[in-house]
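Reader: Please take a close look at one part of this model, namely the packing of its third helix. I would like that part set in the context of the interior and of the charged pairs.

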Amino acid sequence: MDSVYQHVLAWQEALEAAGIELSVWRIHRRIGMSGGLLVNALVRETGRPLSGEETARLQRWHAEAYAQRVGQVRPLPGARELLAYLSKAGVPWAIATSGKIESARPVLETLALDPTVPVITRDQVEYAKPDPDLFLEAAARLGVAINDSVVLGDSVWDLLAARRARALGVGLLSGGYGQDELERAGAYRVYQDPADLLRHLDEVGVRGAE
């Protein structure tokens with residue numbers, strides 16, 4: 001989903017409401033982490049400690065600010081076509097997101113997912129990215145071995161989590177990270193967007209049931 005910059009602006013609004021000023025680029029570099037880790041990482045840069053209550057309030061303000069922008073979020077080019085191809089080819093797949101279900105649901109609805117598709121959110125695991133829990137749970141729900149799985153992500157946090165899970169990481173440039181950054185974080189291949197990946201699925205060993 002093309003939602004990175006909506007999240008960036010929502011976090012900026014939430015932080016400013018708390019009297020915390022940070023450059024947009026600093027916020028962007030943390031997108032893909034869970035909300036709690038992101039807040040801790042950002043406020044560490046300011047040197048201002050936050051209580052648990054303040055952290056929870058910041059996450060709530062972010063959720064409210066993001067909800068106002070969620071109507072701007074669209075699937076990335078080729079996203080629907082990629083998922084349709086995987087389903088038709090008999091390749092099991094799941095959605096794993098570090099967002100909580102209340103923020104993820106309206107975005108995922110735009111993909112018109114089959115209700116049988118596993119969706120793993122932050123609410124369902126103990127730790128979010130860069131920990132591997134989301135991807136380990138996704139593989140378990142699909143009934144596949146994690147080391148036979150491909151994780152597709154557009155942030156360094158996705159790919160660090162994929163590497164820690166021992167899955168094959170594939171990066172997308174849609175998150176605003178450079179190819180070299182994604183490769184250093186563990187990406188085996190990097191593509192522009194889902195449409196570009198769909199044209200090169202043979203390069204990452206994805207194929208349907210034979």
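Author: A residue is called buried under 20% relative accessible area, exposed over 50%, and partly exposed in between (1.4 Å probe, protein chains only). The model is predicted, so that local features need pLDDT of at least 70 and side-chain atom pairs count only at pLDDT 80 or more, whereas totals for chains, interfaces and linings use all residues. Residues are numbered from 1 along each chain as its sequence is written, and side-chain values use heavy atoms, with hydrogens and water left out.

The helix in question is α3 (35-46); helices (H or I, at least four residues) and strands (E, at least two) are DSSP runs numbered from the N terminus. α3 comprises twelve residues and spans 17 Å from its first C-alpha to its last, close to the expected 16 Å, the expectation being 1.5 Å times one less than the number of residues. The helix is followed by G47, which has a positive phi near 75°. Within α3, the buried residues are G35, L38, V39, A41, L42 and V43. These buried residues pack against three other helices, α1, α2 (24-28) and α4 (52-69).

α3 also takes part in the nonpolar interior. The largest nonpolar core holds 25 residues, and L15, I20, I27, I31, L58 and L182 have the most contacts inside it; such a core is a set of buried Ala, Val, Leu, Ile, Met, Phe, Trp, Tyr and Cys residues joined through side-chain atoms within 4.5 Å. At least two residues of this core come from each of α1 (4-17), α3, α8 (156-165) and β5 (187-191). A second core, separate from the largest one, has 20 residues, including A79, L83, V91 and L172. In soluble globular proteins, nonpolar side chains tend to be buried together.

I27 connects this picture with α3. Leaving out residues up to four places away in sequence, I27 touches V8, W11, Q12, L15, L22 and L42, a contact being heavy atoms within 4.5 Å. L42 is one of the buried residues of α3, and L15 is one of the residues with the most contacts inside the largest core.

Charged pairs involve the surroundings of α3 as well. The structure holds seven salt bridges, each being a side-chain nitrogen of Lys or Arg within 4 Å of a carboxyl oxygen of Asp or Glu. In one of them, R69 pairs with E13, with the closest N and O atoms 3.1 Å apart. This bridge links distant parts of the chain, since R69 belongs to helix α4 and E13 to helix α1, 56 residues apart. R69 is buried at a relative accessible area of 17%, whereas E13 is partly exposed at 35%.

Another bridge joins R29 to E181, with 2.2 Å between the closest N and O atoms. R29 sits in the loop between α2 and α3 and E181 in helix α9 (residues 179-184), so this pair ties together parts that are 152 residues apart in sequence. R29 is partly exposed, with a relative accessible area of 31%, while E181, at 18%, counts as buried.

A further bridge pairs R199 with D196, the closest N and O atoms being 3.5 Å apart. Here R199 is exposed, with a relative accessible area of 58%, and D196 is buried at 11%.

The strand β5, which shares the largest core with α3, has its own surroundings. R189 lies over the face of Y188, at 4.4 Å from the ring centre; for this, CZ of Arg or NZ of Lys must be within 6 Å of the ring centre and within 35 degrees of the ring normal. E203, placed in the segment after α10 (194-198), touches Y188, R189 and Y191 when residues up to four places away in sequence are not counted. The C-alpha atoms of E203 and Y188 are 9.7 Å apart, and the two residues are 15 apart in sequence. E203 is partly exposed, with a relative accessible area of 33%.

S174 lies in the loop between β4 (168-172) and α9, and is buried at a relative accessible area of 16%. Beyond residues up to four places away in sequence, S174 touches V4, L76, D154 and Q192.
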